[in-house]
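Thanks, everyone; I would like to spend a few minutes on charged side chains and how they pair in the structure I am about to put up.

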Amino acid sequence: MLAATEIGPARAPLDRLSDGLTQAFAGHGAEQIHVPHLHPAEMLLDIYGEDLRSRAFLFDDPVQRTELCLRPDFTVPVALAHGAGGWDRRASYSYCGTVFRRQEGSTQRPVEFQQAGIESFGTADRTSADAAIFALIYDSLQRHGIHAPQATLGDLGIIFAVLDALEMPGPRRAALKRHVWRPTRFQDLIAHAIAPPPPSALRAEVIALATDPRGLHDKATSAAGGEALGQRTMLEITQRTRTLAAAADEPRMPQADADVIAAVLAVQGPASAAADRLDNATRPAGIDISPALERFVQRHAAITARDVPANALRFDAAFGRTLEYYDGFVFEIRATEGDNHPPLAGGGRYDAMTARLGAVAPVPAVGAMIRPEAMLEVLR
């Protein structure tokens with residue numbers, strides 16, 4: 001669905017709302033920033049992951065012989081701009097502009113829409129920074145006419161803590177963490193760890209060659225008259241083969257460990273009761289995630305101390321697992337619980353992404369955005 005053309009009075013409500021949100025973010029100490037619409041596609045798509053990758057608008061640049069991407073959100077472009085000035089600075093930026101995303105099927109959602117948001121870098125007190133960003137977004141929605149909005153909170157740090165606490169081979173733990181954003185793939189990995197399916201004849205033959213580089217080379221080149229097929233080097237093929245062989249020798253995951261993971265991801269309900277429920281899901285199995293739970297409790301207290309009503313906060317341990325650059329606190333806010341409108345706002349913490357973008361070590365980073373057009377639709 002293409003965005004509607006707006007002229008004069010039809011555009012005025014959106015402009016007023018966008019200006020009001022920008023002023024609210026400026027009052028929080030954010031410097032206004034403008035970033036380009038087009039960016040090199042390779043870096044952005046590597047960061048965004050599968051969900052946004054499939055919805056990005058891509059264009060060939062015949063002059064630079066590269067691929068360009070219309071920004072699907074502001075977080076990565078703003079982070080890149082911050083890093084260009086030096087990662088080791090404390091700064092906050094506000095923005096308001098258009099983003100572009102392909103929409104699936106027959107949805108009536110537009111492919112271009114506005115985001116107004118704030119990104120904050122370098123605040124060492126992560127609990128306070130998370131709470132401050134969330135409260136700012138929540139308060140901005142209320143001040144602009146959204147009565148008693150409802151929020152869903154998540155915390156990827158909790159499932160990471162569970163995976164760290166469980167006894168398992170390092171490569172398996174790394175794979176589960178890498179795919180935690182892809183629920184279907186994540187569950188497939190667990191199912192295979194519990195009951196590994198027998199390898200295909202070809203995979204078994206390749207695994208058997210893991211310690212025979214000469215034989216592996218002959219196998220890889222025999223189908224092409226002595227030349228390797230595809231774009232992978234022999235070194236990459238050898239490393240992948242050894243990875244497959246090591247995975248085949250890994251011990252099975254106990255069903256009890258899979259049950260703990262499932263029990264944690266199933267925790268939903270009032271955020272005020274989430275820590276106790278998560279503790280009850282892990283402690284009987286001898287799993288101690290108390291540092292992650294303490295951070296969660298402290299963050300919840302810091303949010304409610306900023307006049308956010310506790311009954312507006314719902315926790316979902318599985319929430320946020322399709323947003324690949326987030327690695328901690330995540331949230332989404334709607335006008336009312338269960339409404340059919342698109343989310344009005346969302347955001348979270350993405351420290352690890354800064355290292356992928358060039359920081360020497362992960363930099364504290366948290367941000368959030370509001371969708372002004374979605375707000376206007378609700379207010380109408």
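Which residue does the side chain of D351 meet in a salt bridge? Please keep in mind that this is a predicted model. The partner is R126, and the N to O distance in this salt bridge comes out at 2.7 Å. D351 belongs to helix α15, which covers residues 351-356, while R126 belongs to helix α5, residues 126-143, so the contact ties together parts that lie 225 residues apart in sequence. The two ends are not equally accessible: D351 has a relative accessible area of 10% and is buried, because the cut-off for that class is under 20%, whereas R126, at 34%, counts as partly exposed.

Let me turn to two other pairs. D288 and R283 form a salt bridge in which the closest N and O atoms are 3.9 Å apart. Here D288 is partly exposed, with a relative accessible area of 45%, and R283 is likewise partly exposed at 45% relative accessibility. In the other pair, the side chains of R380 and E377 meet in a salt bridge with an N to O distance of 3.7 Å. R380 counts as exposed at 69% relative accessibility, and E377, with 43%, is partly exposed.

Stepping back from single pairs, salt bridges that share partners join R126, D130, D155, R299, R349 and D351 into one network, and the pair I began with, D351 and R126, belongs to that network. For the structure as a whole, the count of salt bridges is 12.

Key:
Residues are numbered from 1 along each chain as its sequence is written. This is a predicted model: local features need pLDDT of at least 70, side-chain atom pairs count only at pLDDT 80 or more; totals for chains, interfaces and linings use all residues. Side-chain values use heavy atoms; hydrogens and water are left out. A salt bridge is a side-chain nitrogen of Lys or Arg within 4 Å of a carboxyl oxygen of Asp or Glu. Helices (H or I, at least four residues) and strands (E, at least two) are DSSP runs, numbered from the N terminus. Buried means under 20% relative accessible area, exposed over 50%, partly exposed in between (1.4 Å probe, protein chains only).
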